[in-house]
Amino acid sequence: MKAEEIQELFNNFESIAIEYEGIECWSARELYPILGYAKWERFKDTLIRAKESCDNAGEKISDHFADVGKMVSLGSGAQRQIGQKIISTKKK
């Protein structure tokens, strides 16, 4: 991978960083296309495995993943909440 490509990926990654309860983190719904996933469902499976790995490593899942929701508009004009995982750095 060329240095320019790496820099672009890094910039894209950093551009979607948010602060959640004082911790820098990333919304999985915004992160999955940057990581090359075409569909949310495929990335959701990856998150499940990542949580399992976190647990197997003896880490608290809640220190690294926060389950939050996001309101989206439907075609009828109504809104509904969708799940949105937050991947965060561990608070130190």
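This is a short talk on one protein chain, its strands, its core and a few of its residues.

The model is predicted, so a few ground rules apply: local features need pLDDT of at least 70, side-chain atom pairs count only at pLDDT 80 or more, and totals for chains, interfaces and linings use all residues. Residues are numbered from 1 along each chain as its sequence is written, and side-chain values use heavy atoms, with hydrogens and water left out.

I start with the overall layout. The protein chain has 3 helices and 4 strands, where helices (H or I, at least four residues) and strands (E, at least two) are DSSP runs, numbered from the N terminus. Along the sequence the pattern reads α-β-β-α-α-β-β. The chain has 92 residues, and 24% of them count as buried. Buried here means under 20% relative accessible area, exposed means over 50%, and partly exposed is in between, with a 1.4 Å probe and protein chains only. For contacts, the criterion is heavy atoms within 4.5 Å. Of the contacts in the protein chain with a separation of 6 or more, 35% are between residues 24 or more positions apart.

Next, the strands β1 and β2. Strand β1 covers residues 17-20 and runs antiparallel to β2, with 4 bridges joining them. Two strands pair if DSSP finds at least two bridges between them. Ala17 stands opposite Trp26 in β2, and Glu19 has Glu24 as its bridge partner there. The two strands form a hairpin with 2 residues between them, and Glu21 in the turn has a positive phi of about 55 degrees.

How enclosed is β2? In that strand, residues 23-27, 4 of the 5 residues are buried, so it is largely enclosed by the rest of the structure. Cys25 is buried at a relative accessible area of 0%. Cys54 also counts as buried, at 10% relative accessibility. A search of the whole structure finds 0 disulfides, a disulfide being a pair of cysteine sulfur atoms within 2.5 Å.

Now the core. A nonpolar core is a set of buried Ala, Val, Leu, Ile, Met, Phe, Trp, Tyr and Cys residues joined through side-chain atoms within 4.5 Å. The largest one has 10 residues: Ile16, Trp26, Ala28, Leu31, Tyr32, Trp40, Phe43, Leu47, Cys54 and Phe65. Helices α2 (28-34) and α3 (40-56) are the elements that give two or more residues to this core. The largest share, 4 residues, comes from α3.

On aromatics, the structure holds 5 aromatic pairs. Rings of Phe, Tyr and Trp (its six-membered ring) pair if their centres lie within 6.5 Å; planes under 30 degrees apart count as stacked, over 60 as edge-to-face and the rest as tilted. Tyr32, Tyr37, Trp40 and Phe43 are linked into a cluster by ring pairs. The charged end of Arg29 sits over the ring of Trp40, 4.1 Å from its centre. The criterion is NZ of Lys or CZ of Arg within 6 Å of the ring centre and within 35 degrees of the ring normal.

Last, two residues of helix α1. Asn12 is found in this helix, residues 3-15, and is partly exposed, with a relative accessible area of 30%. Asn12 and Leu31 are 19 residues apart in sequence and 9.1 Å apart in space, C-alpha to C-alpha. Glu14 lies in α1 too, and counts as partly exposed at 31% relative accessibility. What does Glu14 touch, not counting residues up to four places away in sequence? Glu14 touches Glu24 and Trp26. From Glu14 to Trp26 the C-alpha to C-alpha distance is 8.8 Å, with their positions 12 residues apart in sequence.
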